[in-house]
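Subject: Structure handover

Dear colleague,

I am passing on the structure below, together with notes on what was found in it. Please read the notes alongside the model itself.

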Amino acid sequence: MTLKLVDLGRQYASIKAEADGALLDAVGSTRYILGEEVDRFEREFAAYCGTRECVGVASGTAALQLGLEALGVGPGDEVIAPANTFVSSVLPVLRLGARPVLVDCDPRTATIDVERAAAAVTPRTKALVAVHLYGHPADLDTLLELCQERGLALVEDACQAHGASLRGRRVGSFGRIAAFSFYPAKNLGAYGDGGCVTTGEPELAERVRLLRNLGERRKYEHVVEGWNERLDTIQAAVLRVKLRRLDAWNELRRGHAAAYARALGRLELELPGSAEGVEHAWHLYVVRVAAGARDDVRARLAAEGIETGIHYPLPLHLQPALAGLDHAAGDFPVAESLAERILSLPMFPELEPGEIERVGAALSSALA
């Protein structure tokens with residue numbers, strides 16, 4: 001049988017009765033747009049993250065765009081972001097007419113390199129996007145200090161880090177705004193697209209609420225140029241069911257990460273870890289294979305019925321869509337090296353110990 005990278009069918013089976021009931025209740029309410037389930041989820045997720053406000057939106061990309069727009073990012077501004085992330089971390093910057101300023105990543109955690117970020121600040125810099133890659137928080141203490149010293153807005157891209165924390169404080173509560181994605185494969189995933197913005201500033205939350213709903217303050221009264229980027233009521237109903245299980249699911253992920261470390265510890269791989277004080281959400285379990293060997297190892301695992309992923313095979317500065325940033329191969333050597341070596345192994349709460357052992361045995365054979 002094929003072992004999937006993420007098996008959503010197992011998760012659905014484990015919550016089917018409650019999820020189906022929540023879906024039917026939401027359908028029966030007929031409040032499909034900004035219904036009560038959206039309000040309830042927003043309150044519950046804000047409390048979960050330890051922040052004052054949560055605004056549900058249509059996707060993680062929308063969360064970043066609306067959050068940056070609420071902060072006043074626009075033409076002529078610069079926004080610092082890591083080169084080693086998914087393209088959605090910077091596309092909203094371009095959409096707002098600003099310029100992404102890419103920097104390399106820390107070779108240990110693969111998150112943004114703080115020293116290089118500090119060196120990239122100019123008088124035009126408006127914000128800094130800290131991506132909590134694979135579920136591991138960026139170096140938030142140092143980034144907060146940098147942003148406070150330079151007058152920048154810290155923006156958390158927490159789209160892969162639901163429930164991750166630093167010294168007991170959950171991500172989503174550090175920056176002026178944070179963006180979460182509820183794409184189905186996330187630690188907290190909807191049954192379609194979805195996202196939210198969290199913030200400790202009510203005025204920013206109110207601005208995002210206007211922007212997500214066509215700038216509408218009251219019906220047919222549009223006070224700003226907004227967008228149609230609302231979180232569906234049906235998705236909020238599903239997310240409320242899943243949120244009650246998120247901590248337990250994340251704890252299972254941590255157990256799987258520990259099991260992987262035991263199973264793979266003697267192989268010629270570089271294994272992921274956690275920085276001091278970090279509680280990793282383990283959205284992905286990403287190992288590093290010797291340069292030049294990754295694609296062959298991946299093919300051998302596929303032949304054994306084991307799905308893998310590459311997150312991400314092409315750094316942002318080499319993406320054709322971002323050619324206008326005028327970067328070239330060699331500009332961000334750490335990100336480029338990672339892109340050649342990283343391999344994502346199956347990771348989801350319902351993994352079984354025997355399956356992790358199966359991956360370990362297949363990897364041992366492939367590397368040999």
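Why is there no bond between the sulfur of Cys 196 and the closest cysteine sulfur? The closest one belongs to Cys 54 and lies 3.8 Å from the sulfur of Cys 196, which is too far for a bond, given that a disulfide is defined as a pair of cysteine sulfur atoms within 2.5 Å.

Before going further, please note that this is a predicted model, in which local features need pLDDT of at least 70 and side-chain atom pairs count only at pLDDT 80 or more, while totals for chains, interfaces and linings use all residues. Residues are numbered from 1 along each chain as its sequence is written, and side-chain values use heavy atoms, with hydrogens and water left out.

Cys 49 gives a similar account, since its sulfur has its closest cysteine sulfur in Cys 196, at 6.5 Å, again too far for a bond. By the disulfide rule, the count is zero. Cys 196 is buried, at 0% relative accessibility, and Cys 49 is buried as well, at 3% (buried means under 20% relative accessible area, exposed over 50%, and partly exposed in between, with a 1.4 Å probe and protein chains only).

Turning to internal space, the search of the whole structure gave one cavity of 30 Å³ or more, with a volume of about 40 Å³. (On a 1 Å grid over the protein atoms alone, a cavity is a set of points where a 1.4 Å probe fits but cannot get out, and a pocket is an open set with protein on both sides within 12 Å along at least five of seven lines; lining residues have an atom within 4 Å of a point. Grid points are joined across faces, edges and corners, and a volume is the space filled by probe spheres set on the points.) Among the residues lining this cavity are Asp 7, Lys 186, Arg 253 and Phe 348.

The largest pocket holds about 550 Å³ and has 31 lining residues, with Phe 86, Gln 160, Tyr 183, Lys 186 and Tyr 312 nearest its centre. Helix H3 (residues 60-70) contributes the most to that lining, with three residues, where helices (H or I, at least four residues) and strands (E, at least two) are DSSP runs numbered from the N terminus.

Finally, an open sheet of three strands runs in the order S7-S6-S12 with antiparallel pairing, where two strands pair if DSSP finds at least two bridges between them.

Best regards
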